[in-house]
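Me: I would like a close look at a single part of this model, with enough of the surroundings to place that part in the whole chain. Please take it slowly and keep the reasoning visible.

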Amino acid sequence: MIYLALGAGLLALLVWAGRGHAPARAGLRAAGALVAALAAAGAVVAGLRGAWPVSLGLIVLSVWLGQNARRKPGPWPPDGEAPGGMSLEQACAILGVAPDATRAEIEAAYRRLIRRAHPDQGGTSGLAAQLNAARDRLVK
């Protein structure tokens, strides 16, 4: 019985502290994931001993804590960016061109970089998306 009270207290503490600021949440996510893993292990032990209601309760707790421990996406677009996505300076830095570059220079830099960064050539889709966004920002 004491374990249930301690578990409920720990759960309440995690929920209460999880409503704080983002830097404080990072450590709490790790603690929540650890408690979720412990609850899953406890569910297995309770199931092997024949305590099915306790096992099901621990499984639900484990799934809930594990889901809440996942990293939440931040606001989009990130603070300081233009509503269209990225600033002119960021786009120039990504493509490696000057702010006064011509359309031909922008397209040449884009083609040179996308050849290496394209997912079909071993690059990542995130990098290819950044290159596409930078080209679109500069060409407009």
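**Helix α3 and its surroundings**

Reply: At 68% relative accessibility, Pro53 counts as exposed, because the cut-off for that word is over 50%. Pro53 belongs to helix α3, the helix that this reply follows, and everything said here concerns a predicted model. Between the C-alpha atoms of Pro53 and Ala43, which are 10 residues apart along the chain, there is a separation of 9.6 Å.

Ser55, which also has its place in helix α3, is described by the opposite word. With a relative accessible area of 5%, Ser55 is buried, because that value falls under 20%. If residues up to four places away in sequence are not counted, Ser55 touches Ala43, Ala46 and Gly47. Ala43 therefore enters the description twice, as a residue touched by Ser55 and as the partner of Pro53 in the C-alpha separation of 9.6 Å.

Further along, Ser62 is placed in helix α3 as well, the helix that covers residues 52–69. Ser62 is buried, since its relative accessible area of 13% is under the cut-off of 20%. Leaving aside neighbours within four places in sequence, the residues in contact with Ser62 are Ala36, Ala39 and Ala40. For Ala36 there is an atomic detail to add, in that a polar atom of the Ser62 side chain lies 2.9 Å from the backbone oxygen of Ala36.

What lies on the other side of these contacts can be read from the extent of helix α2, which runs over 22–48. Arg29 is a residue of helix α2, and at 17% relative accessibility Arg29 counts as buried, because 17% is under 20%. From C-alpha to C-alpha, Arg29 and Gln67 are 9.9 Å apart in space, although 38 residues apart in sequence.

Helix α3 also takes part in the largest pocket, whose volume is about 430 Å³. Of the 16 residues lining this pocket, Tyr3, Gly7, Ala8, Leu58 and Leu61 are the closest to its centre. Two or more lining residues come from each of α1 (2–17), α2 and α3, and the element that gives the most is α1, with 8 residues.

The rest of the chain gives this part its setting. The chain has 6 helices and 0 strands, and 24% of its 140 residues count as buried. About 9900 Å² of the chain is exposed, with carbon and sulfur atoms supplying 65% of that area. Of the contacts between residues at least 6 apart in sequence, 47% join residues at least 24 apart.

The largest nonpolar core, by comparison, is a matter of other helices. This core has 16 residues, and Leu95, Val97, Ile106, Leu131 and Leu138 are those with the most contacts inside it. The elements giving two or more residues to this core are α4 (88–95), α5 (103–117) and α6 (125–139), and the largest share, 6 residues, comes from α5. In soluble globular proteins, nonpolar side chains tend to be buried together. Leu95 shows the surroundings of one core residue in detail: leaving aside neighbours within four places in sequence, Leu95 is in contact with Ile106, Ala109, Tyr110, Arg112, Leu113, Leu131, Ala134, Arg135 and Leu138.

Definitions and conventions: Residues numbered from 1 in each chain as written. Predicted model: local features only at pLDDT ≥ 70, side-chain atom pairs only at ≥ 80, totals over all residues. Heavy atoms only, no water. Helix = DSSP H or I, 4+ residues; strand = E, 2+ residues; numbered from the N terminus. Buried < 20%, exposed > 50% of the residue type's maximum accessible area, 1.4 Å probe, protein only. Contact = heavy atoms within 4.5 Å. Areas by Shrake-Rupley, 256 points an atom, 1.4 Å probe, with all protein chains shown as cover. Core = buried A, V, L, I, M, F, W, Y, C linked by side-chain atoms within 4.5 Å. Polar contact = N/O pair within 3.5 Å; in protein donor to acceptor, adjacent residues only side chain to side chain. 1 Å grid on protein atoms, 1.4 Å probe; cavity = no way out; pocket = protein on both sides within 12 Å on 5 of 7 lines; lining within 4 Å. Points joined across faces, edges and corners; volume = space filled by probe spheres on them.
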